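Q: Could you take a close look at the salt bridges in this structure, with attention to where the paired side chains sit? I would then like to see them set against the rest of the structure.

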Amino acid sequence: MTDRRPLPARLPWYWIFQLAGWNFLPLLMVAMTPSAQRTLAALAIGYWGVAAGLLISHLWRRFLKRRIQARVRVSWKTIALALPLLSAVHTTVQLVGYFVIKPFGEVRNADWLPGALLFWWGVYLVWTIFYMLVAYLRRNARLEAEALQLQLSAREAELRALQAQVNPHFFFNSMNSVRALVYQDQDAAAQMIDQLASVMRYALQSGHHDTVPLAAEIEAVQAYLAIEKIRFEERLRIAIDIGPGMDAVRIPPMTLQTLVENAVKYGVEASPTGSDIRIRAWRDANQAVRIDIANHGALAPFTDSTRVGLANTRQRLALILGAGARLDLTEDGGWVRATMTVPELP
């Protein structure tokens, strides 16, 4: 399978820095060596040290990496004990190289030994500091990515749970309407069932998406209102005004449907003379998208079912569209208005 990650993410950065760092040492040694002693043998002993450093540091890295991956804390005490050992091993390997290559002749004394031990101790200290820093930065970045993925999964699960609450609530209300009509007018009941099938199809299909175009939601709402029109006849009066450019505005599915159901329940069903249901969508002076559902009546204590529906709608708006999304419920001049403020998705 082709690796689609960006090129920098595919590069073997560990080996790039390993080779670059260890190859820097012989170059530095050559630069500090008097020109008369810059021989092939001197360069060879330098690269002997490079080979030893690559091997020893790689084994040290495997030890550190296993502990970090196992989330076992690598203490400074462990590092303090390991550094002299690493230094002694490297110095021993380097000493073998001096005996084999003899870059400066026979090895006659050990005066250089303390300086070599200290030098390699410093090299491995710097290597360990850089490796531990990079390893912990990468580990933290991975943990942040995992935490973000968990947040996204939790958000997805919450949205699905909220959607699962919406559809049965709507179907329950609609089936009650069908049941009430079956004994009164069988032809009207059959027509209502056709409309209900259309709305159910939309609800099931839209449940697979976080948002749907306003035009699709309006179409489903019109089918629902056609069902209720058969039931309430002249008591239900409908006016829909969707401003230009509003059709493509995206909203969570069934949010408008829930608010229209409440308007029918508390505006039409609760009144002997019925009510107008007015649905309007427009852009205000600040270019914010507003969707308003209004019905005749007054704000009254809601049932548990209605509270769940409104809370559900608010939660879904916030989860999907962000903090800029709102649902306000107001009463003005004999009208109850549920107004959604919808930020447009990029």
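**The salt bridges and their setting**

A: Arg 326 counts as partly exposed because its relative accessibility is 38%. This is a predicted model, and what follows should be read as a description of that model. Arg 326 is paired in a salt bridge with Asp 328, and their closest N and O atoms are 3.2 Å apart. Asp 328 is itself partly exposed, with a relative accessible area of 30%. In general terms, side chains of opposite charge can pair when their charged atoms come close.

A search over the whole structure finds 4 salt bridges, and two others deserve a description beside the one just given. Asp 284 pairs with Arg 290, with 3.0 Å between the closest N and O atoms, and Asp 284 counts as buried, since its relative accessibility is 14%. Asp 292 forms a salt bridge with Arg 337, where the closest N and O atoms are 3.1 Å apart. Because Asp 292 lies in strand E5 (residues 289–296) and Arg 337 in strand E7 (residues 335–342), this pair ties together parts that are 45 residues apart in sequence. Within that pair, Asp 292 is buried at a relative accessible area of 7%, whereas Arg 337 is partly exposed at 27%.

The strands of this last pair also lead into the nonpolar interior. The largest nonpolar core holds 41 residues, and those that touch the most other members are Leu 256, Val 260, Ile 279 and Ile 291. E5 and E7 are among the elements that give two or more residues to this core, as are helix H5 (113–182), helix H6 (186–206), H7, H8, strand E4 (275–283) and helix H9 (304–321). H7 gives the most, contributing 9 residues. As a general tendency, nonpolar side chains in soluble globular proteins are buried together.

Charge also gathers elsewhere, in a negative surface patch formed by Asp 185, Asp 187, Glu 233 and Glu 234. Among these residues, Glu 233 lies in the loop between helix H7 (214–232) and strand E2 (236–242), and it counts as exposed because its relative accessibility is 53%. The backbone of Glu 233 is worth inspecting as well, for this residue has a positive phi of about 50° although it is not a glycine. Met 254 likewise is not a glycine and has a positive phi, here of about 70°. Met 254 is placed in the loop between strand E3 (250–251) and helix H8 (255–269). With a relative accessibility of 0%, Met 254 counts as buried, while Glu 233, as already noted, counts as exposed.

A nonpolar surface patch completes the picture: Leu 11, Trp 13, Ile 16 and Phe 17 make up a patch of about 390 Å². Leu 11 is found in the loop between helix H1 (7–10) and helix H2 (13–32), and at 32% relative accessibility it counts as partly exposed.

How values were computed: Residues are numbered from 1 along each chain as its sequence is written. This is a predicted model: local features need pLDDT of at least 70, side-chain atom pairs count only at pLDDT 80 or more; totals for chains, interfaces and linings use all residues. Side-chain values use heavy atoms; hydrogens and water are left out. Patches are made of residues with over 30% relative accessible area and no salt bridge: like charges are joined within 9 Å, nonpolar side chains (Val, Leu, Ile, Met, Phe, Trp, Tyr) within 5 Å. Accessible areas come from the Shrake-Rupley method with a 1.4 Å probe; for residues, only the protein chains shown count as cover. A salt bridge is a side-chain nitrogen of Lys or Arg within 4 Å of a carboxyl oxygen of Asp or Glu. Lys and Arg count as positive and Asp and Glu as negative; His and the chain ends are not counted. The place of a charge is taken as NZ of Lys, CZ of Arg, CG of Asp or CD of Glu. Helices (H or I, at least four residues) and strands (E, at least two) are DSSP runs, numbered from the N terminus. Buried means under 20% relative accessible area, exposed over 50%, partly exposed in between (1.4 Å probe, protein chains only). A nonpolar core is a set of buried Ala, Val, Leu, Ile, Met, Phe, Trp, Tyr and Cys residues joined through side-chain atoms within 4.5 Å.
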